[in-house]
Amino acid sequence: MQADVTGVISPLIQNPSSGRSRAERWRVRGGLAFSALYLLGVAVLMYSRWDKVVSLELNALGDFFAGAFGPLALLWLVLGYFQQGEELKQNTEALQLQAQELANSVREQRELVNLTNQQLLADMAHRDYEKQRQNQRAQPIFHVKTIPLGDKLNALKRSIQLHNVGADCVSLTVSFESDNIQITGMGDNSRLPHSEKLNISVSIDVPAGRPPDSNVMTVHYVDGNATPQSVRFNIMFPMLHGNPNMTIFQI
């Protein structure tokens with residue numbers, strides 16, 4: 001017995017709409033059965049009183065049929081009302097399902113757009129990082145030191161040596177912000193490869209009674225990416241044992 005009950009209830013649980021469709025079928029079947037019995041009753045009544053029916057005038061005959069079939073029309077009107085209610089309910093559920101599916105689709109599209117944006121941002125950051133690394137690998141690295149060349153009363157003679165420990169560079173030029181330092185000689189500055197050195201001979205004016213004024217040296221060059229670049233060095237003249245000493249460091 002338990003197995004039979006389970007077999008009847010399981011389909012209703014798995015498909016809840018089956019209960020509603022079964023009610024609709026029983027409603028239609030009940031309406032048809034009632035209509036058949038009602039028509040049979042009307043036919044029996046008309047047969048038993050056939051002589052009175054055929055003697056009725058047309059107006060009275062119309063009133064008879066209207067009164068006879070009125071309850072049947074009312075029955076099917078009520079059944080149609082229930083049927084339309086069920087269809088409207090099904091349509092409402094279908095619209096709700098469509099709205100839910102549309103909302104799910106919009107949410108999935110939004111998540112997909114967010115993932116795409118995150119991927120684009122990650123790709124852009126990676127490209128920027130690789131571009132920065134490539135740019136760094138294309139730059140020369142200058143180690144600077146000064147070599148005394150002999151001093152005079154009002155001038156210091158020095159050689160500024162640029163030692164390139166980075167990438168090759170070309171079209172190298174040197175300039176100073178103020179004119180208290182003059183270039184007196186420079187080696188081949190058209191190209192400074194990796195591990196090569198460039199010596200720049202300079203003369204520094206020494207004012208009477210004080211060290212020379214500080215200065216800024218700018219080295220212009222074209223890097224490995226064929227891009228013009230520049231690097232700046234600050235030049236100071238601290239006093240050492242009563243004499244000015246030249247120090248250079250990158251800004």
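Is Glu177 buried or exposed? Keep that in mind as you load the structure, which is a predicted model; the tour will reach Glu177 along the way.

**Stop 1: the whole chain**

Start with everything shown as a cartoon. You should find four helices and 11 strands in the protein. The radius of gyration is 53 Å, whereas the globule rule gives 18 Å for 251 residues, so the protein is more spread out than a compact globule. Along the principal axes, the C-alpha atoms fill a box of roughly 155 × 55 × 35 Å.

Now switch on a surface. Its accessible area comes to about 17400 Å², and carbon and sulfur atoms contribute 59% of that. Colour by burial and 22% of the 251 residues count as buried. If you like contact maps, take the contacts with a separation of 6 or more: residues 24 or more positions apart account for 56% of them.

**Stop 2: a patch on helix H4**

Select residues 58-137, which make up helix H4, and look for Leu77 within the helix. Leu77 has a relative accessible area of 60%, so it counts as exposed. Add Leu74, Val78, Tyr81 and Phe82 to your selection: with Leu77, these residues form a nonpolar patch on the surface. Together the five residues of the patch offer about 550 Å² of accessible area.

**Stop 3: Val202, and a long distance label**

Next, select residues 197-205, strand S6, and pick out Val202. Its relative accessible area is 1%, so Val202 is buried. Show what surrounds Val202, setting aside neighbours within four places in sequence: the contacts include Leu156, Lys157, Arg158 and Ile160, along with Phe176, Ile181, Gln182, Ile183 and Thr184.

Before leaving, draw a distance label from the C-alpha atom of Val202 to that of Lys89. The label should read 97 Å, for two residues that are 113 apart along the chain.

**Stop 4: Arg158, a buried arginine**

One of the contacts of Val202 is Arg158, so centre on that residue now. Arg158 belongs to strand S2, residues 155-164. Is this arginine buried or exposed? Its relative accessibility is 7%, under the 20% cut-off, so Arg158 counts as buried. Beyond its neighbours within four places in sequence, Arg158 touches Ile147, Pro148, Leu149 and Asp151, then Ile200, Ser201, Val202 and Ile204, and finally Pro244 and Met246.

**Stop 5: the five-stranded sheet**

Select strands S5, S3, S7, S8 and S11. In that order they form an open sheet with antiparallel pairing. The edges are S5 and S11 (247-250), each of which pairs on one side only.

Walk inward from the S5 edge. S3 and S5 are antiparallel and share two bridges; show sticks for Val170 and you will see Arg191 of S5 standing opposite. Moving on, S3 meets S7 (residues 215-222) in an antiparallel pairing over five bridges. Here Thr173 has His220 in S7 as its bridge partner. As you look at the backbone, remember that strands of a sheet pair through backbone hydrogen bonds, either parallel or antiparallel.

**Stop 6: the salt bridges**

How many salt bridges does a search of the whole structure find? The search turns up two, and you can visit both.

For one of them, return to Arg191 and add Asp168: these residues form a salt bridge with their closest N and O atoms 3.1 Å apart. Asp168 sits in the loop between S2 and S3 (169-176), while Arg191 is in S5 (residues 191-192), so the pair ties together parts that are 23 residues apart in sequence. Asp168 is partly exposed, at 33% relative accessible area, and Arg191 is also partly exposed, at 44%.

For the other, select Glu177 and Arg232, whose closest N and O atoms lie 3.3 Å apart in a salt bridge. Glu177 is in the loop between S3 and S4 (181-186) and Arg232 is in S8 (residues 228-236), so this pair links parts that are 55 residues apart in sequence.

That brings us back to the opening question. With 54% relative accessibility, Glu177 counts as exposed, whereas its partner Arg232, at 38%, counts as partly exposed.

Note on methods
Residues are numbered from 1 along each chain as its sequence is written. This is a predicted model: local features need pLDDT of at least 70, side-chain atom pairs count only at pLDDT 80 or more; totals for chains, interfaces and linings use all residues. Side-chain values use heavy atoms; hydrogens and water are left out. Patches are made of residues with over 30% relative accessible area and no salt bridge: like charges are joined within 9 Å, nonpolar side chains (Val, Leu, Ile, Met, Phe, Trp, Tyr) within 5 Å. Accessible areas come from the Shrake-Rupley method with a 1.4 Å probe; for residues, only the protein chains shown count as cover. A salt bridge is a side-chain nitrogen of Lys or Arg within 4 Å of a carboxyl oxygen of Asp or Glu. Buried means under 20% relative accessible area, exposed over 50%, partly exposed in between (1.4 Å probe, protein chains only). The radius of gyration is taken over C-alpha atoms; the globule rule is 2.2 Å times the number of residues to the power 0.38. Contact means heavy atoms within 4.5 Å. Two strands pair if DSSP finds at least two bridges between them.
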